[in-house]
Amino acid sequence: MAIFQHTFQLPAYPRGFHLITQTIEREFGAIRQIRVGLLQVFIQHTSASLTINENPDPTVRGDFERFFNRTVRENEPYYEHDYEGSDDMPAHLKAALLGHSVLIPITNGRLNLGIWQGVYLGEHRNNGGRRTLVLTAWGD
């Protein structure tokens, strides 16, 4: 079994949900060496998240942002962790709800996502900055 790992930084994205599937594929050519395997994508941050959802229609990403902003509101009086601004604690909560990694099958050197699926970066801060991803692939 082959195992590959690659760490890289995404550019800074504005707050919202952003498709990063092509960036992952471009950054991690080693997956082309795997016939059958898995790719784990892990984000090394507590105020951003990863998820898989519909890729062709950008309104889905907007709806995600609006839903999470209504579900996890800023400036709640019970938040104690607000050192970095009103978006700080809500960003941590959104990341905890969505998660910090996704696992994707690799088949014949390609990510085996459904036709309408893509990997989203959830940027939950107004100014989150660059985000670091660790990509680990294994298989035969």
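Buried means under 20% relative accessible area, and exposed means over 50%. Keep that cut-off handy for these exercises, and remember that you're looking at a predicted model.

**Exercise 1. Sort the residues of strand 3 into a covered face and an uncovered one.**

Step 1: Find strand 3 at residues 36-43.

Step 2: Pick out the covered face, which is made of Gly37, Leu39, Val41 and Ile43.

Step 3: Val36, Leu38, Gln40 and Phe42 make up the uncovered face.

**Exercise 2. Find out which strands pair with strand 3, and which residues partner valine 41 and isoleucine 43.**

Step 1: Recall that strands of a sheet pair through backbone hydrogen bonds, either parallel or antiparallel.

Step 2: Look at strand 5 (residues 101-107), which runs antiparallel to strand 3 and is joined to it by seven bridges. Here valine 41 has valine 102 as its bridge partner.

Step 3: Now turn to strand 8, which is also antiparallel to strand 3, with seven bridges joining the two. In strand 8, leucine 133 is the bridge partner of isoleucine 43.

**Exercise 3. Work out the strand order of the open three-stranded sheet, and say which strands stand at its edges.**

Step 1: Read off the order, 2-7-4, with antiparallel pairing.

Step 2: Strand 2 and strand 4 each have a single partner strand, so they stand at the edges, and one side of each has no neighbour in the sheet.

Step 3: Check the twist, which averages 35° from one strand to the next.

Step 4: Zoom in on strand 4 and strand 7 (residues 117-123), an antiparallel pair with seven bridges. Leucine 50 has its bridge partner, leucine 121, in strand 7.

Step 5: See what packs on this sheet: helix 2 touches strand 2, strand 4 and strand 7, and its direction makes about 150° with that of strand 2. Helix 3 lies across strand 2 and strand 4, and runs at about 45° to strand 4.

**Exercise 4. Decide whether threonine 51 is buried or exposed, and list its contacts beyond four places in sequence.**

Step 1: Locate threonine 51 in strand 4.

Step 2: Its relative accessibility is 14%, so threonine 51 counts as buried.

Step 3: Leave aside the neighbours within four places in sequence, and threonine 51 is in contact with Phe64, Leu98, Val102, Gly118, Val119 and Tyr120.

**Exercise 5. Show which side of helix 3 is buried, and what covers it.**

Step 1: List the buried residues of helix 3 (residues 88-98): Asp88, Pro90, Ala91, Lys94, Ala95 and Leu98.

Step 2: Those residues sit on the same side of helix 3, because they cover an arc of only 160° around the axis. A handy background rule: an α-helix has 3.6 residues a turn, so residues three or four places apart point the same way.

Step 3: Look at the face turned away from the buried side, and you'll meet the exposed residues Ala96 and Leu97.

Step 4: Find the cover over the buried residues, which includes strand 2 (16-19), strand 4 (48-54) and helix 2 (58-71).

Step 5: Go just past the helix, where glycine 99 follows with a positive phi, near 105°.

**Exercise 6. Trace the salt bridges of glutamate 65 and arginine 125.**

Step 1: Start with the total, which is seven salt bridges in the structure. Side chains of opposite charge can pair when their charged atoms come close.

Step 2: Take glutamate 65, whose side chain meets that of arginine 15 in a salt bridge (3.3 Å, N to O). Glutamate 65 is in helix 2 and arginine 15 is in the loop between strand 1 and strand 2, so this pair ties together parts 50 residues apart in sequence. Glutamate 65 counts as buried at 13% relative accessibility, while arginine 15 is partly exposed at 22%.

Step 3: Move to arginine 125, which meets aspartate 87 in a salt bridge at 3.0 Å, N to O. Aspartate 87 lies in the loop between helix 2 and helix 3, arginine 125 in the loop between strand 7 and strand 8, 38 residues apart.

Step 4: Add the salt bridge of arginine 125 with aspartate 88, where the closest N and O atoms are 3.4 Å apart. This pair links arginine 125 to helix 3, where aspartate 88 lies, 37 residues apart.

Step 5: Put it together: salt bridges that share partners join Glu84, Asp87, Asp88 and Arg125 into one network.

How values were computed
Residues numbered from 1 in each chain as written. Predicted model: local features only at pLDDT ≥ 70, side-chain atom pairs only at ≥ 80, totals over all residues. Heavy atoms only, no water. Buried < 20%, exposed > 50% of the residue type's maximum accessible area, 1.4 Å probe, protein only. Helix = DSSP H or I, 4+ residues; strand = E, 2+ residues; numbered from the N terminus. Arc of directions from axis to C-beta. Contact = heavy atoms within 4.5 Å. Pairing = 2+ DSSP bridges. Axes fitted to C-alpha atoms, helices over the stretch in contact; angles between N-to-C directions. Salt bridge = Lys/Arg side-chain N within 4 Å of Asp/Glu carboxyl O.
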